[in-house]
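Please look over the sequence and the model that follow before reading on. The paragraphs below begin with a single charged side chain and widen from there to its partner, to the other charged pairs, to the pocket and to the overall form.

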Amino acid sequence: MTETTDSLDAWTSRLLGLGEGISPEAARTFVHDLYAHAQADLDEGRAEAEFQREE
């Protein structure tokens, strides 16, 4: 397993532990989507910082 997969599994487990009513698949999808959006935001910030350094 990759570090990312392990991290997603850990966060999925934490989300499932918060209460009942969410399926493991829905929790995993939510955590994956959240991670993907956060990573995209970080990548965008890095690209902007790189652009600013090059100017």
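Arg 28 is a useful place to begin in this predicted model, and with a relative accessibility of 31% it counts as partly exposed, because that value falls between the 20% under which a residue is called buried and the 50% over which it is called exposed. Its side chain meets that of Asp 9 in a salt bridge, with 2.9 Å from N to O. Since Asp 9 belongs to helix H1 and Arg 28 to helix H2, the pair ties together parts that are 19 residues apart in sequence. Asp 9, like its partner, counts as partly exposed, in this case at 26% relative accessibility.

How many salt bridges does a search of the whole structure find? The search finds three, and the two that remain to be described can be taken in order along the chain. Asp 43 forms a salt bridge with Arg 46, and the closest N and O atoms of that pair are 3.3 Å apart. These two residues are three apart in helix H2, so about one helical turn separates Asp 43 from Arg 46. At 38% relative accessibility, Asp 43 counts as partly exposed. Further along, the side chains of Glu 50 and Arg 53 meet in a salt bridge with an N to O distance of 2.5 Å, and here too both residues lie in helix H2, three residues apart, or about one turn of the helix. The two partners fall into separate accessibility classes, because Glu 50, with a relative accessible area of 35%, is partly exposed, whereas Arg 53, at 60%, counts as exposed.

The setting for these pairs is a protein whose secondary structure comes to two helices and zero strands. Its radius of gyration is 15 Å, well over the 10 Å that the globule rule gives for 55 residues, and the protein is therefore more spread out than a compact globule. Taken along the principal axes, the box filled by the C-alpha atoms is roughly 50 × 25 × 15 Å. Of the 55 residues, 7% count as buried, and the accessible surface comes to about 4600 Å², of which 56% belongs to carbon and sulfur atoms.

Where, then, is empty space left? Rolling a probe the size of a water molecule over the atoms shows this. The largest pocket holds about 210 Å³ of space, and the elements that give two or more residues to its lining are helix H1, residues 3-16, and helix H2, residues 24-54. The largest share of that lining, five residues, comes from H2. The lining is made up of Leu 8, Trp 11, Arg 14, Leu 15, Leu 18, Phe 30, Val 31, Leu 34, Tyr 35 and Ala 38, and these residues divide into nine nonpolar, no polar and one charged.

One of the lining residues, Leu 18, lies in the loop between H1 and H2. At 71% relative accessibility, Leu 18 counts as exposed. From C-alpha to C-alpha, Leu 18 and Asp 41 are 26 Å apart in space, while 23 residues separate them in sequence.

A few further positions help to place helix H2 against the rest of the chain. Ala 26 lies in helix H2 and is partly exposed, with a relative accessible area of 36%; its C-alpha atom is separated by 9.7 Å from that of Leu 16, ten residues away along the chain. His 32 is also found in helix H2 and, at 44% relative accessibility, counts as partly exposed. Between His 32 and Gly 19, which are 13 residues apart in sequence, the C-alpha to C-alpha distance is 19 Å. Glu 54, another residue of helix H2, is exposed, with a relative accessible area of 58%, and the C-alpha atoms of Glu 54 and Leu 42, twelve residues apart along the chain, are separated by 18 Å.

Returning to the starting point, the reader may wish to trace the Asp 9 and Arg 28 salt bridge once more, with Asp 9 in helix H1 and Arg 28 in helix H2, and then to find the lining of the largest pocket, to which both of these helices give two or more residues.

Note on methods. Residues are numbered from 1 along each chain as its sequence is written. This is a predicted model: local features need pLDDT of at least 70, side-chain atom pairs count only at pLDDT 80 or more; totals for chains, interfaces and linings use all residues. Side-chain values use heavy atoms; hydrogens and water are left out. On a 1 Å grid over the protein atoms alone, a cavity is a set of points where a 1.4 Å probe fits but cannot get out, and a pocket is an open set with protein on both sides within 12 Å along at least five of seven lines; lining residues have an atom within 4 Å of a point. Grid points are joined across faces, edges and corners, and a volume is the space filled by probe spheres set on the points. Helices (H or I, at least four residues) and strands (E, at least two) are DSSP runs, numbered from the N terminus. Ala, Val, Leu, Ile, Met, Phe, Trp, Tyr, Cys and Pro count as nonpolar, Asp, Glu, Lys and Arg as charged, and the others, Gly among them, as polar. A salt bridge is a side-chain nitrogen of Lys or Arg within 4 Å of a carboxyl oxygen of Asp or Glu. Buried means under 20% relative accessible area, exposed over 50%, partly exposed in between (1.4 Å probe, protein chains only). The radius of gyration is taken over C-alpha atoms; the globule rule is 2.2 Å times the number of residues to the power 0.38. Accessible areas come from the Shrake-Rupley method with a 1.4 Å probe; for residues, only the protein chains shown count as cover.
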